[in-house]
Amino acid sequence: MSHAIIASIYEARLIAWAKTLPTPLKVVVENEAYDPADGITYLQAFTLPADTASNTLGGDHRMFTGVFQVNIVTPSGKFRGAAGALVDQITALFPLYERNKKGSLTVMTLTPVDPGPGIADGTTFTVSASFQYRADTVN
């Protein structure tokens, strides 16, 4: 359940930011149907949960870790420029060690945003930007 809450925290923040850009961007979240027109830039957001752990003998603690990834999908043939600029903005949006809260759950950005390699696929060029997160709960 908490991985879903964590996803909603990061997705909401990304969507709100993407709407404020000079040219607003569509953010596609997991299991959302989207058929983009040719030549537009959009974002895809994913939460990649890792194992849930417990660090107490009583079993009342849960540690949720994983990766939040944003794919920046741009038209191909325009080098890395637009995607690289968006990675920089996403890095500023999710600063290291920042805590975000929803209800009683607090999640922390554990690593700096890290860009992945560019992947050309026909008419699109995709660059991922991701970071690790952690949230702890006690029942």
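Q: What makes strand β2 (residues 42-53) and β3 antiparallel partners?
A: Happily, this one is simple to check: strands pair if DSSP finds at least two bridges between them, and 10 bridges join β2 to β3, which run antiparallel. Strands here are DSSP runs of E, at least two residues long, and helices are runs of H or I, at least four residues long, both numbered from the N terminus. One such link has Tyr42 bridged to Val73 in β3.

A quick note on the source: this is a predicted model, in which local features need pLDDT of at least 70 and side-chain atom pairs count only at pLDDT 80 or more, while totals for chains, interfaces and linings use all residues. Residues are numbered from 1 along each chain as its sequence is written, and side-chain values use heavy atoms, with hydrogens and water left out.

Q: How do you know that β3 and strand β8 (residues 124-138) pair?
A: They share 15 bridges in the antiparallel sense, against the at least two that pairing needs. In one of these links, Phe68 has Phe131 of β8 as its bridge partner.

Q: Why is strand β3 (residues 61-75) described as largely enclosed?
A: Buried means under 20% relative accessible area, exposed over 50%, and partly exposed in between (1.4 Å probe, protein chains only). In β3, 13 of the 15 residues are buried, so the rest of the structure largely encloses this strand.

Q: Why is Thr137 called buried?
A: Its relative accessible area is 17%, and the limit is under 20%, so Thr137 counts as buried. Thr137 sits in strand β8. Leaving aside residues up to four places away in sequence, it touches Asp60, His61, Arg62, Phe64 and Leu105, where contact means heavy atoms within 4.5 Å.

Q: What makes the rings of Tyr10 and Phe68 a tilted pair?
A: Rings of Phe, Tyr and Trp (its six-membered ring) pair if their centres lie within 6.5 Å; planes under 30 degrees apart count as stacked, over 60 as edge-to-face and the rest as tilted. The whole structure holds eight aromatic pairs. For Tyr10 and Phe68 the centres are 5.2 Å apart and the planes at 35°, so the pair is tilted. This pair links helix α1 (residues 2-20), home of Tyr10, with Phe68 in strand β3, 58 residues apart.

Q: How do you know that Tyr10 is buried?
A: Tyr10 has a relative accessible area of 0%, and the value for Phe68 is 0% too, so Phe68 is buried.

Q: Why are the rings of Phe94 and Phe131 called tilted?
A: Their centres lie 5.1 Å apart with planes at 35°, so this pair is tilted.
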